[in-house]
Amino acid sequence: MTTLTVETAEFAYGGGEPVLRGVTVTARAGELLAVTGTSGAGKTTLLSAMAGLLAPRTGTVGVDGAPLGDRDRAVARGVVLIPQENGLAAILTAAENIAVAVIATGGTPADARRRTAESLEALGLSGQAGQLIDELSGGQQQRTAIARGLALRAEVLLADEVTSELDAANRQKVLDLLRAEADRGAAVVLATHDPDTAAACDRELHLADGTATWVRNPGSA
Ligand SMILES: Nc1ncnc2c1ncn2[C@@H]1O[C@H](COP(=O)(O)OP(=O)(O)OP(=O)(O)O)[C@@H](O)[C@H]1O
């Protein structure tokens, strides 16, 4: 059970103006946290920081009370990012993309085979296992990236706009699978600008004008 905490953090790129200021948020095991906001509000920026890809300019990002550190440290702590642009290797098949990621994070070849088959099936992609990423539709690629994220058995699962190219039935299927990840004990964070997706989450943090405001935060003091 892992907790990821951002504390009074400011995020910026290079020497530029801050994208977000004074952000405090905790991703808790067993919960779905929605991060909402219009295009450019800073959703990807916040998830990048939670993934160890962007260090805070001030404040802290920590996991179970210790600094999160860089991306390698975050991966070692089980922080998995499903990126907005899917991050899949075009020259590999759907199954290879997933299997390589499982092995790279310490899984055995047998683990990789089993988890690849299970996660592709969960996303309705068993028939696409052997197809190159370039041969898949945008929605199929997005579902493959989600399957890869699920196969990695995250402690903290960060999903950046992962339902944007999906029809209603697949969107619901993905939400059900993310809920199952939370039920397994993962802390799940979803960046979305879809109100229905946000409504399906336990808490909602809204980003606007460089700051973060709670829309729903049950259980807070
Ligand atoms: N690598 C970067 N270098 C400089 N500025 C960046 C970089 N990435 C994002 N930004 C800026 O940070 C701000 C927030 O961008 P971000 O991608 O986090 O927003 P978002 O809420 O995820 O948007 P969208 O919904 O369109 O994906 C924007 O003004 C953007 O131009």
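Hi everyone, let me start with the sheet: four strands make an open, antiparallel sheet in the order β2-β1-β4-β5. Its edges are β2 and β5 (66-67), each of which pairs on one side only. Please keep in mind that this is a predicted model.

Let's look at the pairings of β1. Strand β1, residues 4-11, runs antiparallel to β2, residues 20-27, and 5 bridges join the two. If you want a landmark there, take Ala 9, which stands opposite Val 23 in β2. β1 is also joined to β4, residues 58-63, by 5 bridges, again antiparallel. On that side, Thr 5 stands opposite Gly 62, and Glu 10 stands opposite Thr 58. As a reminder, strands of a sheet pair through backbone hydrogen bonds, either parallel or antiparallel.

Now the domains. The chain is divided into domain 1, which is 1-78 + 154-221, and domain 2, which is 88-153. Their C-alpha centres lie 23 Å apart. How many residues are in contact between domain 1 and domain 2? There are 11 residues from domain 1 in contact with 11 from domain 2. On the domain 1 side, β7 (156-160) and α6 (168-184) each supply at least two residues. Helix α6 gives the most to that side, with 4 residues. By class, the domain 1 side has 8 nonpolar residues, 1 polar and 2 charged.

That leads nicely to the core. The largest nonpolar core has 66 residues, and those touching the most other members are Val 35, Met 50, Leu 158, Val 188, Val 189 and Leu 190. Helix α3, residues 94-104, gives the most to this core, with 6 residues. Why does the core lie between the two domains? Because domain 1 and domain 2 both give residues to it. For a closer view, pick Val 189: leaving aside residues up to four places away in sequence, Val 189 touches Ala 27, Leu 33, Val 35, Leu 47, Met 50, Leu 158 and Ala 159. In soluble globular proteins, nonpolar side chains tend to be buried together.

Two of those contacts, Leu 47 and Met 50, bring us to helix α1. Is α1, residues 43-50, mostly covered or mostly open? Mostly covered: 8 of its 8 residues are buried. The buried set includes polar and charged names too, among them Lys 43, Thr 44, Thr 45 and Ser 48. After α1 comes Gly 52, with a positive phi near 85°.

Some of α1 turns up again around the ligand. Lys 43, Thr 44 and Thr 45 are among the residues around the ligand, together with Tyr 13, Val 19, Gly 37, Ser 39, Gly 40, Ala 41, Gly 42, Gln 84 and His 193. That shell divides into 3 nonpolar, 8 polar and 1 charged residue.

Before I stop, two backbone details. Most residues other than glycine have a negative phi, and most peptide bonds are trans. Asn 86 has a positive phi, near 65°, and sits in the loop between β6 (79-82) and α3. Asn 86 is buried, with 20 other C-beta atoms within 10 Å. Glu 161 also has a positive phi, near 50°, and its place is the loop between β7 and α6. Is Glu 161 buried or exposed? Buried, with 21 other C-beta atoms within 10 Å. Thanks for listening!

Methods
Residues numbered from 1 in each chain as written. Predicted model: local features only at pLDDT ≥ 70, side-chain atom pairs only at ≥ 80, totals over all residues. Buried ≥ 20, exposed ≤ 12 C-beta atoms within 10 Å, placed from the backbone. Core = buried A, V, L, I, M, F, W, Y, C linked by C-beta atoms within 7 Å. Domains from an automatic or database assignment. Contact = placed C-beta atoms within 7 Å. Pairing = 2+ DSSP bridges. Near = placed C-beta within 6 Å.
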